[in-house]
Amino acid sequence: MATIEECRIALEKLSDSMANAEGDVRDATALDRSVSCHITDLDVTFTGRLTGGRIDVRDTVPGPPPDKAQIRLAMTGDDLVALVGGGLNFATAWGSGRVKLEAGLRDLFRLRKLL
């Protein structure tokens with residue numbers, strides 16, 4: 001099972017990858033939205049903002065997200081680490097329910113470019 005620190009590092013790597021992306025992927029991340037990532041097996045939530053093409057993790061709180069972020073992710077810590085490391089395909093994980101992504105319809109259309 002991935003630790004909280006391994007999940008935080010994975011989110012930082014994801015943020016770095018997004019910041020260095022080009023083309024459609026870069027356009028998809030050019031949002032300013034609140035973000036939460038609930039790590040279900042650890043029952044902890046990372047909260048922050050997607051801004052400037054990066055995820056800025058601002059807090060780690062126990063349990064599910066305290067507030068409804070504009071973009072919400074939920075998955076196990078191992079799945080987060082595998083997604084960022086390239087061992088798990090996001091579209092497959094999302095389609096099978098291993099990863100949950102909730103956002104407004106307009107944001108979902110923009111974020112689909114990441115898939």
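Which residue in strand 2 does His38 stand opposite? The residue is Thr45.

1. Basis. The model is predicted, with local features requiring pLDDT of at least 70 and side-chain atom pairs pLDDT 80 or more, while totals for chains, interfaces and linings use all residues. Residues are numbered from 1 along each chain as its sequence is written, and side-chain values use heavy atoms, with hydrogens and water left out.

2. Sheet. Five strands (DSSP E runs of at least two residues, numbered from the N terminus) form an open sheet in the order 3-2-1-4-5, and the pairing is mixed. Pairing requires at least two DSSP bridges between two strands. Strand 3 (54-62) and strand 5 (100-103) are the edges, each paired on one side only. On average, neighbouring strands are turned by 20° against each other, direction ignored.

3. Strands 1 and 2. Seven bridges join strand 1 (residues 33-39) to strand 2 (residues 44-51) in the antiparallel sense.

4. Helices (DSSP H or I runs of at least four residues). Helix 1 (residues 4-19) lies across strands 1, 2 and 3, at about 160° to strand 3. Helix 3 (residues 77-85) lies across strand 1 and strand 4 (71-75), at about 110° to strand 4. Angles run from 0 to 180 degrees between N-to-C directions of axes fitted to C-alpha atoms, for helices over the stretch in contact.

5. Arg72. This residue belongs to strand 4. Arg72 counts as buried because its relative accessibility is 16%, the limit being under 20% with a 1.4 Å probe and protein chains only. Its side chain reaches the backbone oxygen of Ala69 at 2.4 Å. Leaving aside residues up to four places away in sequence, Arg72 touches (heavy atoms within 4.5 Å) Ser36, Lys100, Leu101, Glu102 and Ala103.

Key. Buried means under 20% relative accessible area, exposed over 50%, partly exposed in between (1.4 Å probe, protein chains only). A polar contact is a pair of N or O atoms within 3.5 Å; within protein, one must be able to donate a hydrogen and the other to accept it, and residues adjacent in sequence count only if both atoms are side-chain atoms.
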